[in-house]
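Biologist: Please choose one part of this model and describe it closely. I would like pairing, burial and contacts to be treated together, with every cut-off stated.

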Amino acid sequence: MQATPLRYGAAAAPSCAGRLAAAAAAQLRRPGAALAGCGGTTAWARAQQWSARLGQRALSEGPKHPNIGRFSSDLGEQFINNFGEPFVTFRVMDEHGGVLHPSLEPDVSQEEAVRMYKTMVQLTVMDSILYEAQRQGRLSFYMTNYGEEATHIGSASVLTNEDVIYGQYREAGVLLWRGFTLQEAVDQCVGNIDSSDRGRMMPVHYGSKRLNFHTISSPLATQLPQAAGAAYALKLQNKDACVVCYFGDGAASEGDFHGALNFAATLECPVIFFCRNNGYAISTPIREQYRGDGIAVRGVSYNIKTARCDGNDTWAVHHVMKKAREIAVKEKIPVLVEAMTYRGGHHSTSDDASRYRGTDELNSWCTA
Ligand SMILES: Cc1ncc(C[n+]2csc(CCOP(=O)(O)OP(=O)(O)O)c2C)c(N)n1
Ligand SMILES: [Mg+2]
């Protein structure tokens, strides 16, 4: 039988299989040793053929896999299910709104701080009016943003108008901050001729070319690979800008999430993946959604720089996003931010959250 030709020096540097074969051959080279059923072939030659056929290098001797730096013969170090300590949640304010450390004082003017606050209040008022309008039968559908205002304004306040936004649907505050008018929001929700979509989309499917905000699409998580691709385009154009892609904890269970992160990591796209972890995907609570350390840990597994912050702390979101933008724009790489928050309202007007969560839980998030 002809031995398979060696592809890369297994003879010079015996592989695991090669080493096994060599050990077997050494054993069989003893006088009179022969392999049963081998016809005229000596055990030594047979073992050499075996070695050649299975001739891979040992990992420690061959070209390196990128992340192989340490070897261990202790099986106890294998079958791990976490990277160690859970992610730390970055915060700036205590429960009463006091800044925890002077170095974390927000770097915004009083005027800007007031505008941030006003936009959050405006969002809540808009939500209440449009939610009631839906209940009165004036709109077919609506989704409120209650409880997540800080994730919107804290993040949007560090961006420039050149930064490209991909939203999920619960980020109306980002639009308001960028200059979307209440009239534009209402036009879209009622579906009139003045809406940029001319009434062809469901309510809440906002979009604005003027504000660099891509139109919302209903199929969950489609914005993630689109955002990675748009960020790659920004990079090719050498733009001084990044893409920000908002999504929920539930959307992170879609395959598109993983495809987008891997694409962005390998092609080094300047995109900030911003997860609003609000505890629920409609009626599915996060304890049923995943078993790992939230969404943040997934960023690390793709070698993406990742941060977790208190999503109800406007300044924490602001600081984290400022840094995230700096990394994305200057280093031209992706970043993942997981903002921990709570969905204060029903999922949408088609949902009744009292069917799956109690008032105690809701109240604990609504009181300081
Ligand atoms: C591909 C796809 N599957 C399911 C749905 C139905 N759906 C709409 S929103 C949603 C939950 C999303 O939860 P999350 O991403 O956490 O966002 P949140 O509503 O909490 O802001 C689901 C399952 C959908 N729109 N598209
Ligand atoms: Mg959610």
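Modeller: Strands β3 (residues 243-248) and β4 are joined by 6 bridges and run parallel to each other; two strands pair if DSSP finds at least two bridges between them. Strands (E, at least two residues) and helices (H or I, at least four) are DSSP runs, numbered from the N terminus. The model is predicted, so local features require pLDDT of at least 70 and side-chain atom pairs pLDDT 80 or more, while totals for chains, interfaces and linings use all residues. Residues are numbered from 1 along each chain as its sequence is written, and chains are lettered from A and ligands numbered from 1 in the order in which they are written.

Within the β3-β4 pair, Val243 faces Val271 of β4. The connection between these strands passes through helix α8 (residues 255-267), giving a right-handed β-α-β unit; right-handed denotes a path from the first strand over the helix to the second that runs clockwise with the strands pointing away from the viewer. On β3 there is also a parallel pairing with β1 (residues 164-166), over 3 bridges, in which Tyr166 has Cys245 as its bridge partner.

Strand β4 comprises residues 271-277, and 7 of its 7 residues are buried, that is, 20 or more other C-beta atoms lie within 10 Å of their own, against 12 or fewer for exposed residues and values in between for partly exposed ones, with C-beta atoms placed from the backbone. Val271, Phe273, Cys275 and Asn277 point one way from β4, and Ile272, Phe274 and Arg276 the other way.

Strand β4 also pairs in the parallel sense with β8 (residues 335-340), over 6 bridges. Here Asn277 is opposite Met340 and Arg276 is opposite Ala339. Burial extends to β8, where 6 of its 6 residues are buried: Val335, Val337 and Ala339 point one way, and Leu336, Glu338 and Met340 the other. A further parallel pairing, again over 6 bridges, links β8 to β7, with Arg308 bridged to Glu338. Strands β7 and β8, together with helix α11, form a right-handed β-α-β unit.

These pairings belong to an open sheet of 6 strands in the order β2-β1-β3-β4-β8-β7, with parallel pairing. Each of β2 (213-214) and β7 (305-310) has a single partner strand, so both stand at the edges with one side lacking a neighbour in the sheet.

The largest nonpolar core holds 72 residues, and Val243, Cys245, Val271, Ile272 and Val337 are among those with the most contacts inside it; such a core is a set of buried Ala, Val, Leu, Ile, Met, Phe, Trp, Tyr and Cys residues joined through C-beta atoms within 7 Å. Helix α11 (residues 314-331) gives the most to this core, namely 7 residues. Beyond four places in sequence, Ile272 touches Cys242, Val244, Cys245, Ala324, Arg325, Ala328, Val335 and Val337, where a contact requires C-beta atoms, placed from the backbone, within 7 Å.

Leu234, in helix α7 (residues 223-236), is counted as buried because it has 23 C-beta neighbours inside 10 Å. Its contacts beyond four places in sequence include Val164, Val243 and Pro270. The C-alpha atoms of Leu234 and Val271 are 9.5 Å apart, although 37 residues separate the two along the chain.

Notes:
Contact = placed C-beta atoms within 7 Å.
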